[in-house]
Amino acid sequence: MDKNTITGLVLIGILLVGFSFLSRPSEEQIAAQKRYYDSIAVVQQQEEALKAKTEAALANSQKEVASAADSSALFFNALHGTDSKISIQNNVAEITFATKGGRVYSAMLKDYMAQDKKTPIMLFDGDDASMNFNFYNKAGAIQTKDYFFEAVNKTDSSVTMRLAADSASYIDFIYSYLMNFEIKATGMENKLASTKYVDIDWSQRARQLEKGFTYENRLSELTYKVTGDNVDNLSAAKDDSQDLPGRIDWVAFKNQFFSSVFIAEQDFDKVSVKSKMEQQGSGYIKDYSAEMNTFFDPTGKEPTEMYFYFGPNHFKTLKALDKGRDEKWELHRLVYLGWPLIRWINQFITINVFDWLSGWGLS
(Lines give C-alpha, C1' and ligand atoms only; values in the text may rest on other atoms or scores of the structure.)
Protein backbone atom coordinates (compact mmCIF):
# COMPACT_ATOMS: atom_id res chain seq x y z
CA MET A 1 0.00 0.00 0.00
CA ASP A 2 1.56 3.36 -1.08
CA LYS A 3 1.85 6.55 0.96
CA ASN A 4 -1.06 8.34 -0.81
CA THR A 5 -3.49 5.49 -0.08
CA ILE A 6 -2.56 5.43 3.58
CA THR A 7 -2.96 9.19 3.82
CA GLY A 8 -6.39 8.99 2.17
CA LEU A 9 -7.62 6.31 4.56
CA VAL A 10 -6.41 8.29 7.58
CA LEU A 11 -8.22 11.42 6.36
CA ILE A 12 -11.45 9.44 5.79
CA GLY A 13 -11.21 8.03 9.31
CA ILE A 14 -10.71 11.50 10.79
CA LEU A 15 -13.72 12.81 8.85
CA LEU A 16 -15.96 9.95 10.07
CA VAL A 17 -14.92 10.45 13.71
CA GLY A 18 -15.42 14.17 13.42
CA PHE A 19 -18.83 13.80 11.78
CA SER A 20 -19.97 11.36 14.48
CA PHE A 21 -18.83 13.72 17.23
CA LEU A 22 -20.41 16.80 15.67
CA SER A 23 -23.73 15.05 14.88
CA ARG A 24 -24.08 13.54 18.38
CA PRO A 25 -27.19 14.96 20.08
CA SER A 26 -26.74 17.16 23.13
CA GLU A 27 -27.69 16.07 26.64
CA GLU A 28 -30.86 18.18 26.36
CA GLN A 29 -31.81 16.49 23.05
CA ILE A 30 -31.18 13.03 24.52
CA ALA A 31 -33.36 13.82 27.54
CA ALA A 32 -36.13 15.21 25.33
CA GLN A 33 -36.03 12.16 23.11
CA LYS A 34 -36.20 9.87 26.17
CA ARG A 35 -39.24 11.77 27.49
CA TYR A 36 -40.89 11.44 24.06
CA TYR A 37 -40.44 7.66 23.86
CA ASP A 38 -41.45 7.23 27.51
CA SER A 39 -44.68 9.12 26.83
CA ILE A 40 -45.43 6.88 23.82
CA ALA A 41 -44.85 3.77 25.95
CA VAL A 42 -47.18 5.09 28.65
CA VAL A 43 -49.90 5.83 26.10
CA GLN A 44 -49.53 2.35 24.59
CA GLN A 45 -49.73 0.74 28.03
CA GLN A 46 -52.82 2.77 28.84
CA GLU A 47 -54.44 1.79 25.53
CA GLU A 48 -53.66 -1.90 26.07
CA ALA A 49 -54.98 -1.76 29.64
CA LEU A 50 -58.15 -0.03 28.45
CA LYS A 51 -58.59 -2.56 25.65
CA ALA A 52 -58.15 -5.50 28.05
CA LYS A 53 -60.56 -3.93 30.51
CA THR A 54 -63.13 -3.31 27.76
CA GLU A 55 -62.84 -6.87 26.42
CA ALA A 56 -63.18 -8.31 29.94
CA ALA A 57 -66.22 -6.15 30.62
CA LEU A 58 -67.77 -7.16 27.29
CA ALA A 59 -67.08 -10.85 27.95
CA ASN A 60 -68.60 -10.62 31.42
CA SER A 61 -71.60 -8.80 30.02
CA GLN A 62 -72.10 -11.41 27.31
CA LYS A 63 -71.63 -14.18 29.88
CA GLU A 64 -74.24 -12.62 32.15
CA VAL A 65 -76.68 -12.20 29.26
CA ALA A 66 -76.07 -15.75 28.07
CA SER A 67 -76.39 -17.08 31.60
CA ALA A 68 -79.66 -15.25 32.13
CA ALA A 69 -80.99 -16.54 28.81
CA ASP A 70 -79.68 -20.08 29.30
CA SER A 71 -81.12 -20.40 32.79
CA SER A 72 -84.57 -20.17 31.28
CA ALA A 73 -83.72 -22.22 28.21
CA LEU A 74 -85.65 -25.40 27.53
CA PHE A 75 -82.69 -27.76 27.99
CA PHE A 76 -80.58 -25.58 30.30
CA ASN A 77 -79.54 -28.49 32.57
CA ALA A 78 -78.32 -30.46 29.54
CA LEU A 79 -75.81 -27.74 28.59
CA HIS A 80 -73.38 -29.11 31.16
CA GLY A 81 -72.11 -32.63 31.58
CA THR A 82 -69.42 -35.18 30.75
CA ASP A 83 -68.91 -36.57 27.28
CA SER A 84 -69.07 -40.29 27.99
CA LYS A 85 -68.94 -43.14 25.48
CA ILE A 86 -71.45 -46.03 25.39
CA SER A 87 -71.15 -49.06 23.10
CA ILE A 88 -73.55 -51.69 21.79
CA GLN A 89 -72.48 -54.66 19.73
CA ASN A 90 -73.25 -58.00 18.19
CA ASN A 91 -71.03 -60.62 16.59
CA VAL A 92 -70.26 -58.49 13.51
CA ALA A 93 -69.98 -54.87 14.67
CA GLU A 94 -69.48 -52.56 17.63
CA ILE A 95 -71.08 -49.10 17.55
CA THR A 96 -70.08 -46.45 20.09
CA PHE A 97 -72.17 -43.40 20.99
CA ALA A 98 -71.21 -40.09 22.60
CA THR A 99 -73.41 -38.53 25.26
CA LYS A 100 -72.40 -35.09 23.90
CA GLY A 101 -74.90 -34.74 21.06
CA GLY A 102 -76.31 -38.26 21.54
CA ARG A 103 -74.64 -39.22 18.27
CA VAL A 104 -72.91 -42.23 16.75
CA TYR A 105 -69.24 -41.77 17.64
CA SER A 106 -67.56 -44.73 15.96
CA ALA A 107 -68.26 -47.89 13.99
CA MET A 108 -65.99 -50.95 14.14
CA LEU A 109 -66.53 -53.97 11.87
CA LYS A 110 -65.33 -57.11 13.62
CA ASP A 111 -65.25 -59.43 10.60
CA TYR A 112 -62.95 -57.23 8.51
CA MET A 113 -59.29 -56.58 9.29
CA ALA A 114 -57.28 -53.42 8.60
CA GLN A 115 -54.06 -53.47 6.56
CA ASP A 116 -52.12 -55.01 9.45
CA LYS A 117 -54.46 -58.05 9.18
CA LYS A 118 -54.95 -57.98 12.95
CA THR A 119 -57.01 -54.90 13.81
CA PRO A 120 -60.74 -54.81 12.96
CA ILE A 121 -61.74 -52.11 10.45
CA MET A 122 -62.70 -48.83 12.11
CA LEU A 123 -65.04 -47.26 9.56
CA PHE A 124 -64.95 -43.92 11.38
CA ASP A 125 -64.02 -42.71 14.82
CA GLY A 126 -64.35 -39.53 16.88
CA ASP A 127 -64.06 -36.34 14.84
CA ASP A 128 -64.13 -38.32 11.58
CA ALA A 129 -67.92 -38.02 11.71
CA SER A 130 -70.52 -35.64 13.10
CA MET A 131 -74.31 -35.54 13.30
CA ASN A 132 -76.54 -32.74 14.52
CA PHE A 133 -80.32 -32.47 14.76
CA ASN A 134 -82.09 -29.10 14.83
CA PHE A 135 -85.38 -28.93 16.73
CA TYR A 136 -87.29 -25.66 17.07
CA ASN A 137 -89.18 -23.60 19.62
CA LYS A 138 -90.01 -19.92 20.02
CA ALA A 139 -86.41 -19.10 20.97
CA GLY A 140 -85.08 -20.60 17.74
CA ALA A 141 -83.11 -23.73 16.86
CA ILE A 142 -82.12 -26.31 19.47
CA GLN A 143 -78.94 -27.96 18.16
CA THR A 144 -78.36 -31.35 19.71
CA LYS A 145 -74.57 -31.11 19.25
CA ASP A 146 -74.51 -28.53 22.08
CA TYR A 147 -76.24 -30.71 24.67
CA PHE A 148 -75.38 -33.67 26.86
CA PHE A 149 -77.67 -36.69 26.64
CA GLU A 150 -78.20 -39.35 29.27
CA ALA A 151 -77.90 -43.02 28.37
CA VAL A 152 -80.97 -44.94 29.57
CA ASN A 153 -82.42 -48.42 28.93
CA LYS A 154 -78.99 -49.78 27.97
CA THR A 155 -78.65 -53.39 26.84
CA ASP A 156 -75.94 -55.21 24.88
CA SER A 157 -77.67 -54.43 21.59
CA SER A 158 -79.62 -51.22 22.25
CA VAL A 159 -79.42 -47.89 24.04
CA THR A 160 -81.61 -44.80 24.40
CA MET A 161 -79.87 -41.42 24.45
CA ARG A 162 -82.18 -38.98 26.26
CA LEU A 163 -82.17 -35.17 26.00
CA ALA A 164 -84.24 -34.11 29.02
CA ALA A 165 -85.94 -30.78 29.69
CA ASP A 166 -87.24 -32.22 32.97
CA SER A 167 -88.33 -35.61 34.30
CA ALA A 168 -91.56 -35.52 32.27
CA SER A 169 -90.33 -33.80 29.09
CA TYR A 170 -87.59 -35.22 26.87
CA ILE A 171 -86.52 -36.32 23.41
CA ASP A 172 -85.23 -39.87 23.01
CA PHE A 173 -82.77 -41.11 20.39
CA ILE A 174 -83.41 -44.87 20.41
CA TYR A 175 -80.69 -47.03 18.82
CA SER A 176 -81.23 -50.76 18.56
CA TYR A 177 -79.96 -53.85 16.76
CA LEU A 178 -77.13 -51.76 15.35
CA MET A 179 -79.42 -50.45 12.62
CA ASN A 180 -82.77 -49.13 13.86
CA PHE A 181 -82.79 -45.49 14.91
CA GLU A 182 -85.90 -43.82 16.31
CA ILE A 183 -86.59 -40.30 17.61
CA LYS A 184 -89.52 -39.98 20.00
CA ALA A 185 -90.70 -36.93 21.98
CA THR A 186 -92.40 -37.16 25.37
CA GLY A 187 -94.16 -34.22 27.02
CA MET A 188 -92.81 -31.75 24.44
CA GLU A 189 -96.02 -30.70 22.64
CA ASN A 190 -96.18 -27.30 24.37
CA LYS A 191 -92.42 -26.79 24.50
CA LEU A 192 -91.44 -27.29 20.88
CA ALA A 193 -92.78 -25.60 17.77
CA SER A 194 -95.57 -27.44 16.00
CA THR A 195 -93.33 -27.71 12.93
CA LYS A 196 -93.45 -31.37 11.91
CA TYR A 197 -89.88 -31.78 10.75
CA VAL A 198 -86.36 -31.90 12.12
CA ASP A 199 -83.30 -30.60 10.26
CA ILE A 200 -80.24 -32.87 10.12
CA ASP A 201 -76.57 -32.15 9.44
CA TRP A 202 -74.43 -35.24 8.80
CA SER A 203 -70.79 -35.38 7.76
CA GLN A 204 -67.99 -37.92 7.62
CA ARG A 205 -64.39 -38.12 6.43
CA ALA A 206 -63.79 -41.35 4.52
CA ARG A 207 -60.61 -43.01 5.70
CA GLN A 208 -58.32 -44.70 3.22
CA LEU A 209 -58.83 -48.27 4.41
CA GLU A 210 -56.88 -50.01 1.65
CA LYS A 211 -53.87 -48.82 -0.34
CA GLY A 212 -53.51 -48.98 -4.09
CA PHE A 213 -56.85 -47.52 -5.15
CA THR A 214 -57.04 -44.22 -7.00
CA TYR A 215 -59.56 -41.52 -6.25
CA GLU A 216 -61.13 -41.74 -9.71
CA ASN A 217 -63.28 -44.80 -9.10
CA ARG A 218 -66.69 -45.79 -7.80
CA LEU A 219 -65.33 -47.32 -4.62
CA SER A 220 -65.59 -43.98 -2.82
CA GLU A 221 -68.45 -41.67 -3.70
CA LEU A 222 -71.55 -40.09 -2.17
CA THR A 223 -74.60 -42.04 -3.37
CA TYR A 224 -78.31 -41.47 -2.82
CA LYS A 225 -81.63 -43.09 -3.70
CA VAL A 226 -84.44 -40.94 -5.08
CA THR A 227 -87.80 -42.05 -3.64
CA GLY A 228 -89.64 -44.19 -6.19
CA ASP A 229 -86.83 -43.73 -8.69
CA ASN A 230 -83.22 -44.52 -9.40
CA VAL A 231 -79.94 -44.40 -7.49
CA ASP A 232 -77.54 -41.58 -8.33
CA ASN A 233 -74.27 -40.19 -7.04
CA LEU A 234 -71.93 -37.22 -6.97
CA SER A 235 -68.73 -37.23 -8.97
CA ALA A 236 -66.16 -39.76 -7.75
CA ALA A 237 -63.25 -37.91 -9.36
CA LYS A 238 -63.65 -34.28 -8.23
CA ASP A 239 -65.31 -31.96 -5.73
CA ASP A 240 -69.07 -31.95 -6.29
CA SER A 241 -72.28 -30.74 -4.65
CA GLN A 242 -76.01 -30.77 -5.44
CA ASP A 243 -79.31 -29.57 -4.06
CA LEU A 244 -81.59 -32.53 -4.69
CA PRO A 245 -85.19 -31.94 -5.77
CA GLY A 246 -87.92 -34.20 -4.46
CA ARG A 247 -87.64 -36.75 -1.69
CA ILE A 248 -84.77 -39.12 -0.95
CA ASP A 249 -84.90 -42.61 0.62
CA TRP A 250 -81.29 -42.72 1.77
CA VAL A 251 -77.87 -41.11 1.57
CA ALA A 252 -74.67 -43.20 1.60
CA PHE A 253 -71.07 -42.24 2.21
CA LYS A 254 -69.13 -44.93 0.37
CA ASN A 255 -65.63 -45.67 1.61
CA GLN A 256 -63.92 -48.10 -0.75
CA PHE A 257 -65.46 -51.49 0.15
CA PHE A 258 -67.70 -50.20 2.97
CA SER A 259 -70.51 -47.71 3.42
CA SER A 260 -72.21 -45.59 6.05
CA VAL A 261 -75.86 -45.32 5.02
CA PHE A 262 -78.55 -43.15 6.62
CA ILE A 263 -82.12 -44.18 5.76
CA ALA A 264 -85.41 -42.41 6.56
CA GLU A 265 -88.64 -44.38 6.73
CA GLN A 266 -90.58 -41.12 6.17
CA ASP A 267 -88.03 -40.01 3.53
CA PHE A 268 -85.58 -37.12 3.56
CA ASP A 269 -86.59 -33.77 2.07
CA LYS A 270 -84.72 -30.58 1.07
CA VAL A 271 -81.53 -32.57 0.69
CA SER A 272 -78.21 -30.88 -0.06
CA VAL A 273 -75.15 -33.10 -0.52
CA LYS A 274 -71.46 -32.34 -0.94
CA SER A 275 -68.33 -34.38 -1.65
CA LYS A 276 -64.82 -32.94 -1.40
CA MET A 277 -61.57 -34.62 -2.39
CA GLU A 278 -59.07 -35.04 0.44
CA GLN A 279 -55.35 -34.43 -0.09
CA GLN A 280 -53.46 -37.55 -1.09
CA GLY A 281 -51.29 -38.82 1.71
CA SER A 282 -53.61 -37.44 4.40
CA GLY A 283 -54.98 -40.89 5.22
CA TYR A 284 -58.42 -39.83 3.98
CA ILE A 285 -60.09 -40.08 0.57
CA LYS A 286 -63.23 -37.91 0.68
CA ASP A 287 -64.97 -35.44 2.95
CA TYR A 288 -68.74 -36.02 2.74
CA SER A 289 -71.61 -33.93 4.10
CA ALA A 290 -75.40 -33.92 3.80
CA GLU A 291 -78.07 -31.53 5.01
CA MET A 292 -81.71 -32.62 4.97
CA ASN A 293 -84.87 -32.80 7.02
CA THR A 294 -87.35 -35.51 7.83
CA PHE A 295 -90.64 -35.97 9.66
CA PHE A 296 -90.80 -35.24 13.39
CA ASP A 297 -93.89 -35.19 15.61
CA PRO A 298 -93.35 -32.96 18.69
CA THR A 299 -96.44 -34.48 20.34
CA GLY A 300 -94.75 -37.88 20.40
CA LYS A 301 -97.78 -39.67 18.92
CA GLU A 302 -95.74 -40.88 15.95
CA PRO A 303 -92.01 -41.57 16.17
CA THR A 304 -89.45 -40.62 13.55
CA GLU A 305 -88.20 -43.90 12.10
CA MET A 306 -84.76 -44.09 10.55
CA TYR A 307 -82.03 -46.67 10.04
CA PHE A 308 -78.25 -46.85 9.83
CA TYR A 309 -76.18 -49.31 7.89
CA PHE A 310 -72.47 -49.54 8.66
CA GLY A 311 -70.95 -52.41 6.75
CA PRO A 312 -69.51 -53.90 3.58
CA ASN A 313 -70.73 -53.20 0.05
CA HIS A 314 -71.62 -56.86 -0.31
CA PHE A 315 -74.37 -57.41 -2.89
CA LYS A 316 -76.32 -60.19 -1.18
CA THR A 317 -75.97 -58.65 2.29
CA LEU A 318 -77.45 -55.40 1.01
CA LYS A 319 -80.07 -57.19 -1.08
CA ALA A 320 -81.30 -59.07 2.00
CA LEU A 321 -82.16 -55.79 3.73
CA ASP A 322 -85.05 -55.36 1.28
CA LYS A 323 -86.64 -58.65 2.32
CA GLY A 324 -90.21 -58.19 3.55
CA ARG A 325 -90.33 -54.50 2.69
CA ASP A 326 -93.13 -53.20 0.48
CA GLU A 327 -91.08 -50.17 -0.53
CA LYS A 328 -87.64 -51.40 -1.49
CA TRP A 329 -84.52 -49.54 -0.36
CA GLU A 330 -82.38 -51.13 -3.08
CA LEU A 331 -79.21 -50.73 -1.04
CA HIS A 332 -77.61 -53.35 -3.29
CA ARG A 333 -77.32 -50.54 -5.87
CA LEU A 334 -74.36 -49.34 -3.82
CA VAL A 335 -72.46 -52.14 -5.56
CA TYR A 336 -71.58 -50.86 -9.03
CA LEU A 337 -72.11 -53.62 -11.58
CA GLY A 338 -71.98 -51.60 -14.79
CA TRP A 339 -74.58 -50.28 -17.23
CA PRO A 340 -78.11 -51.80 -17.19
CA LEU A 341 -77.48 -54.82 -19.46
CA ILE A 342 -74.06 -55.55 -17.95
CA ARG A 343 -75.52 -55.05 -14.49
CA TRP A 344 -78.25 -57.60 -15.21
CA ILE A 345 -75.66 -60.13 -16.40
CA ASN A 346 -73.44 -59.51 -13.37
CA GLN A 347 -76.36 -59.62 -10.94
CA PHE A 348 -78.25 -62.67 -12.14
CA ILE A 349 -75.51 -64.74 -13.73
CA THR A 350 -72.05 -63.88 -12.40
CA ILE A 351 -73.03 -63.41 -8.74
CA ASN A 352 -75.60 -66.23 -8.53
CA VAL A 353 -73.53 -68.76 -10.47
CA PHE A 354 -70.42 -67.91 -8.45
CA ASP A 355 -72.35 -68.37 -5.19
CA TRP A 356 -73.80 -71.68 -6.45
CA LEU A 357 -70.34 -72.96 -7.38
CA SER A 358 -68.99 -71.80 -4.02
CA GLY A 359 -71.72 -73.80 -2.29
CA TRP A 360 -70.49 -76.91 -4.08
CA GLY A 361 -66.84 -76.14 -3.41
CA LEU A 362 -66.15 -75.63 -7.12
CA SER A 363 -64.78 -72.10 -7.06
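# Strands, rings and turns in a predicted model

Strand β11 (residues 197-207) runs antiparallel to β17, and the two pair over 11 bridges. The model is predicted.

Visitor: Which residue in β17 is the bridge partner of Asp199?
Guide: Start with the two strands. Strand β11 covers residues 197-207 and pairs with β17 in the antiparallel sense. Asp199 has its bridge partner in β17, and that partner is Asn293.

Visitor: How many bridges join β16 and β17?
Guide: Strand β16 spans residues 258-277. One of its links is Met277, whose bridge partner in β17 is Lys286. The strands pair in the antiparallel sense, and the number of bridges is seven.

Visitor: Which residue takes a positive phi in the hairpin of β16 and β17?
Guide: Look between the strands of this hairpin, where there are six residues. One residue there has a phi near 95°, and that residue is Gly281.

Visitor: How many of the 12 residues of β17 are buried?
Guide: Buried means under 20% relative accessible area. Strand β17 covers residues 284-295 and is largely enclosed by the rest of the structure. That follows because the buried residues number nine.

Visitor: Is Thr304 buried or exposed?
Guide: Thr304 lies in strand β18, residues 304-312. Its contacts beyond four places in sequence include Phe181, Ile183, Gln266 and Thr294. Its relative accessible area is 0%. The cut-off is under 20%, so Thr304 is buried.

Visitor: The side chain of Thr304 reaches the backbone oxygen of which residue?
Guide: Residues in contact with Thr304 include Phe295, Phe296 and Asp297. The side chain of Thr304 comes to 2.7 Å from one backbone oxygen, that of Phe295.

Visitor: Are the rings of Phe97 and Tyr175 stacked or tilted?
Guide: The model has 21 aromatic pairs. In this one, the ring centres are 4.3 Å apart and the planes meet at 40°. Planes under 30 degrees apart count as stacked and over 60 as edge-to-face, so the pair of Phe97 and Tyr175 is tilted.

Visitor: How many residues apart in sequence are the parts that Phe97 and Tyr175 tie together?
Guide: Phe97 and Tyr175 are both buried. Phe97 lies in strand β2, residues 93-98, and Tyr175 in strand β9, residues 169-176. Therefore the pair ties together parts whose separation in residues is 78.

Visitor: What is the angle between the planes of Trp202 and Phe253?
Guide: These two rings form an aromatic pair, 3.9 Å centre to centre. The pair is stacked, and stacked planes lie under 30 degrees apart. Here the angle is 20°.

Visitor: In which strand is Phe253?
Guide: Phe253 is buried, at 1% relative accessibility. Its partner Trp202 is buried too, at 5%. Trp202 sits in strand β11, and the pair links parts 51 residues apart. Phe253 is in strand β15.

Visitor: Over the face of which residue does Arg162 lie?
Guide: Charges sit over rings in this model. The charged end of Lys85 is over the ring of Tyr105, 4.7 Å from its centre. Arg162 lies 3.8 Å from a ring centre, that of Tyr170.

Visitor: Is Asn180 partly exposed or buried?
Guide: Asn180 is found in strand β10, residues 180-186. Leaving aside its neighbours within four places in sequence, it contacts Ile174, Tyr175, Met306 and Tyr307. Its relative accessible area is 32%. Buried needs under 20% and exposed over 50%, so Asn180 is partly exposed.

Visitor: Where is Asn153?
Guide: Asn153 is exposed, at 56% relative accessibility. Among the residues that touch it is Thr160, which is in strand β8, residues 158-166. Asn153 itself is in the loop between β7 and β8.

Visitor: What is the phi of Lys270?
Guide: Most residues other than glycine have a negative phi. Lys270 is not a glycine, yet its phi is positive. It lies in strand β16 and is exposed, at 65% relative accessibility. The phi of Lys270 is about 50°.

How values were computed. Residues numbered from 1 in each chain as written. Predicted model: local features only at pLDDT ≥ 70, side-chain atom pairs only at ≥ 80, totals over all residues. Heavy atoms only, no water. Helix = DSSP H or I, 4+ residues; strand = E, 2+ residues; numbered from the N terminus. Buried < 20%, exposed > 50% of the residue type's maximum accessible area, 1.4 Å probe, protein only. Polar contact = N/O pair within 3.5 Å; in protein donor to acceptor, adjacent residues only side chain to side chain. Contact = heavy atoms within 4.5 Å. Pairing = 2+ DSSP bridges. Phe/Tyr/Trp six-rings, centres within 6.5 Å; stacked < 30°, edge-to-face > 60°. Lys NZ or Arg CZ within 6 Å of the ring centre and 35° of its normal.
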